[in-house]
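Here's a quick briefing to read with the model open in your viewer. Take the topics in any order you like.

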Amino acid sequence: MKNNSASNPDISKWKGQDIISFQEDLQRYTKTSISEKSFYSYFKNSTEKLPRVDILTILSQYCGYSNWNDFKEKKLSSNVFKKKKRTPKWFVIIVSSLGLVGILLLLIPTKHTFNFCFIDQDRNQPITRIPLDVIILNDKESQFYTKSDSLGCFSWKTTDDYIHFVVQSPYHKTDTIYRIASSENQEHLKVRTNDYALMLHYYANGKIEDWKNRKKELSRMISDDVTIMQILPHGLGIEIYSKNDFINTLTTPTESLKNIEIIESQRKNEQIVKLKFRIKS
């Protein structure tokens, strides 16, 4: 009931989306489902006819039992089944028991824990100098604001089977992430540096040493034998950059730096040996 938000606690009054949600839930728990026709035959109408054993097994597995026989042995006394030919009361008992157990299971929401650590795409190291802002956008919950911790990571627990969030900081490019629940304990996400904002910060605040350190850092990251190509717009070809020219481009807060987009990069021995970029118009 909690997972699917059914319109009525009485299963015989379900229709439309309630039935579809129930079928999807069956599929998720048992890897199979029952048809809408079967649902109307055995849940919406009173009948003395016993559902097929495969349907009863699906419903039993949905309630946590291995099969229909397992359910009978553990939940129902034998005298209920001895009377089934004389009265349909057994069906009411079965459906009520299945419904009750199913509802109890549904009332216990499954918690998913998502763990992410952010890696600087340029340095290939955890982002620990400043915390990153994280905005959770899951539909069933209000927007929630949090930050990465001192290790550059954050965790999020939710009953949703997915996470949708935005990651941003003054000196990194904003990115939107969507992930579904999986068995993976932790995922490392690469975040791109916003060189324009970083250089503008250094220039505006007179941080000459930080600016020089950034140039040295880029020099260590890029191989002396690197091939750097700018893809020109309108199919005009390419322009080759030297290592120093490209570093100067990345450390001068011009309008073109704001619009640089890395298309492809290749690394060897922890250094960039090939890089393609363009300047978005």
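What follows is a short tour of the chain, one sheet, the disulfide and some salt bridges.

This is a predicted model, so keep in mind that local features are reported only where pLDDT is at least 70. The chain has 281 residues, and 36% of them are buried. Its secondary structure comes to 10 helices and 12 strands.

**The chain overall**

- If you take the contacts between residues at least 6 apart in sequence, 53% of them join residues at least 24 apart.
- The chain's accessible surface is about 17,200 Å², and carbon and sulfur atoms account for 50% of that.

**The four-stranded sheet and its helices**

- Four strands make an open sheet with mixed pairing, and the order to follow is 10-9-12-11.
- Strand 10 (238-241) and strand 11 (260-268) are the edge strands; each has a single partner strand, so one side of each has no neighbour in the sheet.
- On average, neighbouring strands in this sheet are turned by 20° against each other, if you ignore direction.
- Strand 11 runs antiparallel to strand 12 (residues 271-279), and 8 bridges join the two.
- One pairing to look up here is Glu261, whose bridge partner in strand 12 is Arg278.
- Helix 8 (residues 208-221) packs on the sheet and touches strand 9 (222-231) and strand 12. The direction of helix 8 makes about 95° with that of strand 9.
- Helix 9 (residues 243-250) packs on the sheet too, touching strand 9, strand 10, strand 11 and strand 12. For helix 9, the angle to the direction of strand 9 is about 65°.

**The disulfide**

- The structure has 1 disulfide, and the cysteines it joins are Cys117 and Cys153, with an S to S distance of 1.9 Å.
- The torsion about the S-S bond of Cys117 and Cys153 is about 100°, which makes the disulfide right-handed.
- Cys117 sits in strand 1 (residues 112-120) and Cys153 in strand 5 (residues 153-158), so the pair ties together parts that are 36 residues apart in sequence.
- Buried or exposed? Cys117 is buried, because its relative accessible area is 6%, under the 20% cut-off.
- Cys153 comes out at 13% relative accessibility, so Cys153 counts as buried.
- Another cysteine to check is Cys63, which counts as buried at 8% relative accessibility.

**Salt bridges**

- Searching the whole structure turns up 7 salt bridges; a few of them are picked out below.
- *Arg278 and Glu261.* These two form a salt bridge, with the closest N and O atoms 2.7 Å apart. Arg278 is in strand 12 and Glu261 in strand 11, 17 residues apart, so the salt bridge links distant parts of the chain. The pair should look familiar from the sheet, where Arg278 is the bridge partner of Glu261.
- Arg278 has 38% relative accessibility and therefore counts as partly exposed. Glu261 is partly exposed as well, with a relative accessible area of 23%.
- *Arg214 and Glu217.* Here the closest N and O atoms of the salt bridge are 2.9 Å apart. Both residues lie in helix 8, 3 residues apart, or about one turn of the helix. Arg214 and Glu217 are both buried.
- Which residues are linked with Arg214 in a network of salt bridges? Arg129 and Glu217 are, giving a network of Arg129, Arg214 and Glu217.
- *Glu187 and Arg179.* This salt bridge has its closest N and O atoms 2.9 Å apart. Glu187 is buried at 18% relative accessibility, whereas Arg179 is partly exposed at 29%.

**Around Glu187**

- Glu187 belongs to strand 8 (residues 187-191).
- What does Glu187 contact, leaving aside its neighbours within four places in sequence? The residues are Asn115, Phe116, Cys117 and Arg179.
- Two of those names have come up already: Arg179 is the salt-bridge partner of Glu187, and Cys117 is joined to Cys153 by the disulfide.

Methods
Residues are numbered from 1 along each chain as its sequence is written. This is a predicted model: local features need pLDDT of at least 70, side-chain atom pairs count only at pLDDT 80 or more; totals for chains, interfaces and linings use all residues. Side-chain values use heavy atoms; hydrogens and water are left out. Two strands pair if DSSP finds at least two bridges between them. Axes are lines fitted to C-alpha atoms, for helices over the stretch in contact, and angles run from 0 to 180 degrees between N-to-C directions. Contact means heavy atoms within 4.5 Å. A disulfide is a pair of cysteine sulfur atoms within 2.5 Å. Buried means under 20% relative accessible area, exposed over 50%, partly exposed in between (1.4 Å probe, protein chains only). A salt bridge is a side-chain nitrogen of Lys or Arg within 4 Å of a carboxyl oxygen of Asp or Glu. Accessible areas come from the Shrake-Rupley method with a 1.4 Å probe; for residues, only the protein chains shown count as cover.
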